[in-house]
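Colleague: I am new to this structure and would like a close look at a single part of it. Please start there and then place it among some other parts.

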Amino acid sequence: MYIYGATKKVHKKYSKLSIPEALETAKQRLTALASLRKYTREIEGRRINQLFSTEPAKVYSQWQGNNKRTAPPRLETEQYWKSIWEKDATHNGNAQWLVDLRADHSDLPEQGPVTITVADIHKSVSSMKSWTAPGPDMVHAYWLKKLTALHERLAAQMNQLVVDERHPEWLTEGRTVLIPKDPKKGPVPSNYRPITCLSTTWKLLSGIISAKMNRHMGQYMSRAQKGIGKNTRGAKHQLLVDRTVSQDCKTRLTNLCTAWIDYKKAYDSMPHSWILECLELYKINRTLRAFIRNSMGMWRTTLEANSKPIAQVTIKCGIYQGDALSPLLFCIGLNPLSEIINKTGYGYQLRNGAVVSQLLYMDDIKLYAKGERDIDSLIHTTRIYSNDIGMSFGLEKCSRMVTKRGKIVRTEGIELPEGNIADIEDSYKYLGIPQANGNHEEAARKAATTKYLQRVRQVLRSQLNGKNKIRAINTYALPVVRYPAGVIDWPKEELEATDIKTRKLLSMHGGFHPKSSTLRLYAKRKVGGRGLVSVSTTVQDETTNIQEYIGKMAPTDRVLSEYLRQQKPKKEEGDEEPSWKDRPLHGMYHRQIEEVADIQKSYQWLDKAGLKDSTEALIMAAQEQALSTRSIEAGVYHTRQDPRCRLCKDAPETIQHITAGCKMLAGKAYMERHNQVAGIVYRNICAEYNLEVPKSKWEMPPRVVENDRAKILWDFQIQTDKMVVDNQPDIVVVDKQKKTAVVIDVAVPNDSNIRKKEHKKLEKYQGLREELERMWRVKVTVVPVVIGALGVVTPELGEWLQQINIGHLCPEECSPGNS
């Protein structure tokens, strides 16, 4: 049948072919295309695993879409950031509150002389990340860590810079990358966060200066500020305090008013003049003050988006987001506000008498008061302070809440000259947790669980190998759950449901057999597990850590002391869950090999082989007797009566029988596996003696290879003048220089029989060894290389490999799962 116009769309390759030929050609091309896609996935797998092993953060950044950012409009972006950073902003030096502060601080002692030592260099360098993106100097911190001979010279040069109160201009030149905040707002200049890559040398110097200033500021920094400082849980500490206040209000049915304050571009709008004023107020060392003042005069950066430069900007107002000194300077700039709020006497009084008036975490401010008039006064005080230092509220992100006798009351908000701060509608997200009068715990749990499962799916869809996928779940997905843990209550049923969902996702992507051991999935890899950390364990451990932190801080912190009093006594946990090794079926394999194998080396393949997650899951399921063999179906599931092997019809079809005992598989499948294991040993020996190595593991090695150093025989029948029955070992290595020979025979038996097989191989070739020593006049050693069918190795395997000069070959490289 002819269809008009159909031939016009036929490709030239098919136009001259008959229909059957064209169809067959198309089918074969599709098959080839599928193979090409498989090859592309393998290439991507190698790339992403290599990147993940060195810089996992870059992989996470790709998953979050940071490599597909929409660039903002060039001209508008340049104008926007220049209007913020290049304005000559100064604070109001005549403000009455500032005059009073100067008088209060006039008697403070000045910080002592500052000297940078080699110990300071070493300590600061050791805390830096080795391979984070460098600044204009293009030096990674890794080299400063390794080149310790430079530390003394660096200390001397940095001391000279501080004494001279100046530094070269290049030292503080930055490269500012604009990162979008809210994808829904699109490429609007204000929707980008400026993260600056500064030179590693400046990061080192600023980190040392910051540490020395921090020690001096420790006695003056407000306890309400948890954005910096040691021995604190930071944001979680603030959330614990907030929870204590809201719980006290609900329990005692008291009045409570709160306000959330947000600044417009807080980091970018704090004037340099105000920072220098604060350094003088708190008596920072004069030399350091002069150094910082002169350094600020040289701050400049190049704006970039999607690795393309936009414009160069001079930083006349605001501070960098990218070095160790900037957070401290910002907190020092807000510290007087805390002093002023404390002087007002406003705040919320807890049952034990402790008063909470404010919480600060960098620029995230929350105010507390007993009544509506008091909270409005605190808001006005904060507004006046902010206006006088040159900063302004982001009113759209500010909010207020009034609670009377434990219940939220709706009001019209508070009117300011700049606009209105309205009461919250439903909730306010403070430090990542939605809250009103207390935390919205259910919403927080749901958001964390949803994001966690979303990240788990991202990991499982990737081309990472099995070990790296588990590591990515532990370090990329689980932190989403860990953050709110300990601050909000998490029902045990929800945690278990999330763990079940995680295991289902693993099974759907081939990374976990449905009948495999759950306990083993969560065991550490070095003891034979997969290394996944459960959501339940994560929340429980973090909750325990928070409780320990509260117990440690409560004696000196009255608010946390009240938090402890509010907590209900919890039921003690039951006995620990038994190990997977004690399970009747799942632990049978481990109990069988415990006395004959080197357990540590037998499980090394889990940590070093880099197998796909589906391969790991299959080997694990086989070890745990979780595969649905006929023996299992007959004896455990009772779904059939005949347990015999479907191939040989002789023995019961167990995992042990399939992997190493079926006579129908012995001729081909077992032989191919044997040859692959022997091939790994052979290729490593060839490399050791500089002989030509077979290009592929599928390529059959030549029977004889030789050079001036050695001769290697592969599956070669040895000729002797006396009859020797066993005269065809797998490999014979003759070292011409050392006048030695090694007879190597490989076996892949049942895992529980590896010791017996090893002894059998040693006895089997003793006759050949004696004949070779007599005929060839060399010292001959018999080396059995025995690897269990499921990867078990004997304790002596390492010694045997050393005898053939390939001790560097790890046992997992010879395991059948890797071959």
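Colleague: Does Leu 150 count as buried, partly exposed or exposed, and at what relative accessibility?

Modeller: This is a predicted model, so what follows describes a prediction. Leu 150 counts as partly exposed, because its relative accessibility is 41% and the partly exposed class lies between under 20% for buried and over 50% for exposed. In the chain, Leu 150 sits in a loop, with α7 (141-146) on one side and α8 (151-164) on the other. On the surface, Leu 150 joins Trp 131, Trp 143 and Leu 147 to make a nonpolar patch of about 400 Å². A residue must have over 30% relative accessible area to belong to such a patch, and Leu 150 has 41%.

A record also bears on this stretch of the chain. An unreviewed UniProt entry annotates residues 160-435 as "domain: Reverse transcriptase". In the model, that span is 37% helix and 25% strand, and the C-alpha atoms at its two ends are 51 Å apart.

Within those numbers falls a loop between α12 (272-281) and α13 (286-296), which holds Lys 283. Lys 283 has a phi near 60°, a positive value in a residue that is not glycine. Most residues other than glycine have a negative phi. Lys 283 counts as buried, because its relative accessibility is 18% and the cut-off for buried is under 20%.

Another lysine can be set beside it. Lys 739 is not a glycine either, and its phi is positive, at about 55°. Lys 739 also lies in a loop, the one between β19 (731-735) and β20 (740-747). With 56% relative accessibility, however, Lys 739 counts as exposed.

The surface has a charged patch to consider as well. Arg 37, Lys 38, Arg 41 and Lys 612 gather there in a patch of positive charge. One of them, Lys 38, belongs to helix α2 (residues 19-54) and is partly exposed, with a relative accessible area of 47%.

Last comes a glutamine. Gln 566 is part of helix α21 (residues 558-566) and counts as buried at 18% relative accessibility. Gln 566 and Asn 437 are separated by 129 residues in sequence, while their C-alpha atoms are 16 Å apart in space.

To return to the part you asked about, Leu 150 is a partly exposed loop residue and a member of a nonpolar surface patch.

Note on methods:
Residues numbered from 1 in each chain as written. Predicted model: local features only at pLDDT ≥ 70, side-chain atom pairs only at ≥ 80, totals over all residues. Heavy atoms only, no water. Patch = residues over 30% accessible without salt bridge, like charges linked within 9 Å, V, L, I, M, F, W, Y side chains within 5 Å. Areas by Shrake-Rupley, 256 points an atom, 1.4 Å probe, with all protein chains shown as cover. Salt bridge = Lys/Arg side-chain N within 4 Å of Asp/Glu carboxyl O. Lys, Arg positive; Asp, Glu negative; His and termini not counted. Charge placed at Lys NZ, Arg CZ, Asp CG, Glu CD. Helix = DSSP H or I, 4+ residues; strand = E, 2+ residues; numbered from the N terminus. Buried < 20%, exposed > 50% of the residue type's maximum accessible area, 1.4 Å probe, protein only. UniProt positions renumbered as here; feature names shortened; annotations may be inferred.
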